[in-house]
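Student: I should like to go through the terms used for this structure and ask what justifies each of them. May we begin with the model itself?

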Amino acid sequence: MTTKKQYAHLHILWMCIFFNFSCSVDKEASPDQAYVFVKPDNFPEPTYTFQNNPVTKDGFELGKKLFFDPTLSRDGSVSCNNCHIQGTAFADSQQHPLSVGVNDQRGIRNAPSLVNLAFMEEFFWDGGVTHLDFVPINAIESDFEMDETLANVVKKLNADPVYLELFNSAFGIDKITSPYLLHALSQFTVMMVSSNSKYDKHMRGEGETLTSEELEGMEIFSSKCGSCHSGELFSDFSFRNNGINDVFSDIGRAGISEFDGDVGKFRVPSLRNVALTSPYMHNAKFNTLEEVLDHYENGVIDSPSLDEELKNGSQLGIPLSEQEKEKVIAFLKTLTDREFISDTRFMNR
């Protein structure tokens, strides 16, 4: 969980990047189309500030090397890839329901999928970071993740002649500084766009057709789940209490907003690739999509901050028959993007 000290650190870096560093970035985007960010036709406009950090082949490849490098952790045992695996849409695996850091320390939340970050305005389950460039700091400096300092990571990178050469090629610099480190990581992760599922190709008329069961599932999903999991990103990115607890050791959004009404609220996750990203919820409470839908049908727990969408008179939750659940799950599986999880650009090779 990010501390107020870390948020102050982020603010300083924000000022550094946008008032000093961004002015020095003058590299043109790579002519190689594999390294050009392209907005899918059915997606909203991206929120990422590409004008401050245009993606280049050298920057992307540098960011990838950093993403897979355990040097970013205190003892050289943990990389970003430890908790964000391509085969699970850059979420964690069922082997690690909660994040695992140096010395096998356990976190308190499930590592979310790193998909379509270019379209998001807030990050983490509590929305505690508001720009993609600052997301890595949380993992690097968390004592139960990488347990390192940003300053010491930079020191280690500057002592490595290979990294000095790579940063020079990507940014034209002779000394590595933290803004460039963060920009390199963003150039890699901002390209993680998942938009070629069966659903997408059906919606764009690209030769895929949903079955009758999948279409019925989409209709049920739209009417019963679409108020929160809305749009082509399948999330409105709001913060809600969905009734999985009534006692909150992790207070969620309230830790950021300092508002009691936000206790127990967490960001609505995108459902893209949801069939791959088990376990589910911020605390990894459910292992299957069936368990998730069972929860919404008859397992919602009341508490003061419970979302109004889950209150239906005296009955809590979302009415769903067993047949409706089967059809919704059939639809959710159409959101799996096999092209994304097999995209060689993101592989460590």
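Student: Why is Asp 294 called partly exposed?

Tutor: In this predicted model, Asp 294 has a relative accessibility of 31%. Partly exposed covers the range between under 20%, which is buried, and over 50%, which is exposed; Asp 294 is therefore partly exposed.

Student: What makes Lys 325 count as buried?

Tutor: Its relative accessibility is 5%. Buried means under 20%, so Lys 325 counts as buried.

Student: Why are the side chains of Asp 294 and Lys 325 said to meet in a salt bridge?

Tutor: The N to O distance of this pair is 2.6 Å. A salt bridge requires a side-chain nitrogen of Lys or Arg within 4 Å of a carboxyl oxygen of Asp or Glu, so the pair of Asp 294 and Lys 325 qualifies.

Student: Which parts does this pair tie together?

Tutor: Asp 294 belongs to helix H10 and Lys 325 to helix H11 (residues 322-332), so the salt bridge ties together parts that are 31 residues apart in sequence. Through shared partners, salt bridges join Asp 294, Glu 297, Glu 322 and Lys 325 into one network. The whole structure holds 21 salt bridges.

Student: How do you know that Asp 307 and Arg 240 form a salt bridge?

Tutor: Their closest N and O atoms are 3.1 Å apart, and the cut-off is within 4 Å. Asp 307 is in the loop between helix H10 (289-299) and strand S3 (311-312), whereas Arg 240 is in strand S1 (residues 239-240), 67 residues apart.

Student: Are these two partners buried or exposed?

Tutor: Asp 307 has 14% relative accessibility and therefore counts as buried. Arg 240, at 18%, also counts as buried, because the limit is under 20%.

Student: What links Arg 109 with Asp 126?

Tutor: A salt bridge does, with closest N and O atoms 3.1 Å apart. Arg 109 and Asp 126 both lie in the loop between H2 and helix H3 (135-141), 17 residues apart. Both residues are buried.

Student: Why are H2 and H6 called roughly perpendicular?

Tutor: The axes of helix H2 (residues 57-67) and helix H6 (residues 178-189) come within 7 Å and cross at roughly 100°. Angles of 65 to 115 degrees count as roughly perpendicular, so H2 and H6 are described in that way. Residues making the contact include Phe 60 and Leu 66 of H2, and Leu 181 and Phe 188 of H6. By class, the contact has eight nonpolar, four polar and one charged residues.

Methods: Residues are numbered from 1 along each chain as its sequence is written. This is a predicted model: local features need pLDDT of at least 70, side-chain atom pairs count only at pLDDT 80 or more; totals for chains, interfaces and linings use all residues. Side-chain values use heavy atoms; hydrogens and water are left out. Axes are lines fitted to C-alpha atoms, for helices over the stretch in contact, and angles run from 0 to 180 degrees between N-to-C directions. Helices (H or I, at least four residues) and strands (E, at least two) are DSSP runs, numbered from the N terminus. Angles under 35 degrees count as roughly parallel, over 145 as roughly antiparallel, 65 to 115 as roughly perpendicular and the rest as oblique. Contact means heavy atoms within 4.5 Å. Ala, Val, Leu, Ile, Met, Phe, Trp, Tyr, Cys and Pro count as nonpolar, Asp, Glu, Lys and Arg as charged, and the others, Gly among them, as polar. Buried means under 20% relative accessible area, exposed over 50%, partly exposed in between (1.4 Å probe, protein chains only).
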